[in-house]
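Visitor: I am new to this structure and should like to understand the terms applied to it. May I ask how each one is justified?

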Amino acid sequence: MRHFIISMAVALMCAAAYAQSPEIPGDGHAMLRVDVKDNYLLLPVQEDVDNANVTVIASGDSRFAFNIRLAKEKVDYFVPLDLRHFGEEKLLLDITFHGKDLARETVGKYVCWWGIRQDDEFDTTNRERFRPAYHHTPIYGWMNDPNGMFFKDGLYHLCYQWNPYGSQWENMTWGHSVSRDLIHWESMPAVIEPDALGAVFSGSAVVDHRNTAGYGAGSVVAVYTSAGRNQTQSMAYSQDGGKTFTKFPGNPVITGEVVDFRDPKVFWNPDIERWNLILAAGQEMLIYSSADLKEWKFESSFGEGHGAHTSVWECPDLMKLNVRGTDRQKWLLICNCGGGPAGGSATQYFIGDFDGHKFTTDQKEALWMDYGKDHYATVTFDNCPEGRKIAIAWMSNWNYAGAVPTKQFRSADSLPRDLDIFEYDGKYYCGVTPSKELIALRGQRTRQPSETCEIVVDLKGNSQMELSNPKGEKVVMEYDSKAGTFSMDRTMSGDTSFSNDFPTKTVAPVHGQLKQLRIFIDRCSIEVFDSEGRMAMTNLLFPSEPYETLRSKGCKATIYQIQI
């Protein structure tokens with residue numbers, strides 16, 4: 001497979017056989033004729049310029065439109081436009097540029113015209129030293145919220161908010177990956193793409209065992225937000241196990257009257273023998289019910305007077321969970337929002353009761369599922385084996401997600417976590433435990449930490465752990481048994497220059513005495529869990545060299561290599 005070399009000199013030589021002069025009808029406007037010879041048109045991107053709007057025209061008809069930061073002065077990387085989708089020998093790209101220097105003469109000199117080329121392959125070989133080894137990432141491009149997660153026929157399906165045309169947020173599409181073990185992910189073709197109703201924002205997918213929607217028992221039904229002039233909810237279905245989806249011709253299936261109206265989460269509720277759906281609307285959650293996943297009845301709202309209201313609410317989830325060590329059950333409502341305990345994006349939750357129509361709780365204060373800086377858009381898989389509730393989050397923060405020091409891709413997902421409810425000091429809390437599949441990653445014990453390892457720490461009261469490298473970069477973690485807190489200080493962890501919001505010390509309550517921690521390190525992240533699931537903390541880090549020294553006080557640390 002040929003490799004991409006992102007220096008302009010090589011790009012120019014490689015492009016010679018394909019370079020074509022654009023037609024420039026006016027300021028900020030260009031047209032490029034494409035004689036289709038290969039599978040992909042490779043488009044050069046420059047991240048610090050404004051988006052250009054590109055419309056693909058075939059036989060006089062508009063076939064597809066997208067936004068891309070086409071290179072004006074330099075090339076940061078390439079992204080592919082799949083020419084096979086159009087089934088034509090000749091295409092016209094109608095391009096509108098934005099920003100500065102849009103005179104006709106200047107547009108004609110943009111470096112993109114000498115970088116655009118065709119190829120039969122798009123090389124996705126990793127070029128990023130910070131790409132995680134055992135977390136899910138897109139093979140290229142921007143990723144944010146996990147979407148449409150379900151288990152079927154031995155496979156976990158993970159869809160996600162994806163930009164196929166750059167590593168900044170744009171062109172929201174449902175990317176798609178599958179895994180048999182929640183660790184090793186295989187990238188699949190995108191499953192839901194933008195249409196006339198708008199970009200494809202977040203949503204969920206369910207396995208329709210009872211054929212309530214009429215597409216066959218075991219079909220997969222997705223409900224997602226169409227983000228056009230207004231945000232509405234649309235539906236799509238799959239009859240091949242989730243490989244491809246067909247959009248419902250009656251879309252949208254739910255409309256609303258607020259600007260921020262999105263992220264539907266659907267689940268089957270055996271208590272009422274109907275489907276429930278919860279979605280975010282401004283700073284509250286709206287709950288619906290349905291018999292067929294097409295016609296939805298509004299049931300109730302939740303939010304006023306409860307939790308944090310520092311930003312819009314997003315990405316809800318609602319589920320019944322066992323209370324640890326009892327025969328009781330409680331309902332957990334997940335709500336993702338800004339204004340988290342460490343600043344910016346975070347996942348809050350509420351514990352209460354739900355009768356299929358209305359969620360109720362006595363909880364007024366905000367409780368947080370993860371006290372790190374980089375844990376957001378948390379949602380669970382549908383149809384998990386053994387009735388498990390397995391959650392995955394977007395491992396970043398809107399305060400700096402587009403500025404982190406990677407370019408081939410941006411953002412990873414958190415490790416999978418099993419959820420339950422535990423009781424402490426007369427109150428209920430969400431338990432967050434590393435999923436059992438992670439045990440299989442443990443390799444041989446080693447004396448030194450590395451860029452990919454698990455550290456198991458046995459605590460004996462107040463403890464401190466410091467990870468460092470020869471450059472003097474370090475991460476300091478402390479457990480204060482008297483105060484009942486765990487903290488992580490990443491202010492000197494490595495590169496923090498890209499955002500003033502990044503260097504920080506995060507602090508979590510631990511709800512009891514900690515006995516053992518599990519610390520997962522993966523190139524650009526540290527995730528810390530109490531082994532009993534009473535505390536979780538997820539933080540990104542960008543050290544110039546891997547941390548290779550661990551100093552500890554008041555505890556015993558065992559380091560395991562990660563075997564992928």
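Guide: Certainly. The model is a predicted one. It contains an open sheet of 5 strands with antiparallel pairing, in the order β1-β2-β7-β4-β5.

Visitor: What makes β1 and β5 the edge strands?

Guide: Strand β1, residues 23–26, and strand β5, residues 61–68, each pair on one side only. From one strand to the next, the twist averages 25°.

Visitor: How do you know that β1 and β2 pair?

Guide: Two strands count as paired when there are at least two bridges between them. Strand β1 and strand β2, which covers residues 29–35, share 2 bridges in the antiparallel sense, so the criterion is met. Among the bridge partners, Glu-23 is matched with Met-31 in β2.

Visitor: How many disulfides does the structure hold?

Guide: The structure holds 0 disulfides.

Visitor: Why is Cys-315 said to be in no disulfide?

Guide: A disulfide requires two cysteine sulfur atoms within 2.5 Å. For Cys-315, the nearest cysteine sulfur belongs to Cys-335 and is 9.4 Å away; therefore the requirement is not met.

Visitor: Why is Cys-315 called buried?

Guide: Buried means under 20% relative accessible area. Cys-315 has a value of 4%, and is therefore buried.

Visitor: What is the nearest cysteine sulfur to Cys-384, and how far away is it?

Guide: That sulfur is the one of Cys-159, 14 Å away, and Cys-384 is in no disulfide.

Visitor: Is Cys-384 buried or exposed?

Guide: Cys-384 has a relative accessible area of 11%. The cut-off for buried is under 20%, so Cys-384 is classed as buried.

Terms used:
Residues are numbered from 1 along each chain as its sequence is written. This is a predicted model: local features need pLDDT of at least 70, side-chain atom pairs count only at pLDDT 80 or more; totals for chains, interfaces and linings use all residues. Side-chain values use heavy atoms; hydrogens and water are left out. Buried means under 20% relative accessible area, exposed over 50%, partly exposed in between (1.4 Å probe, protein chains only). Helices (H or I, at least four residues) and strands (E, at least two) are DSSP runs, numbered from the N terminus. Axes are lines fitted to C-alpha atoms, for helices over the stretch in contact, and angles run from 0 to 180 degrees between N-to-C directions.
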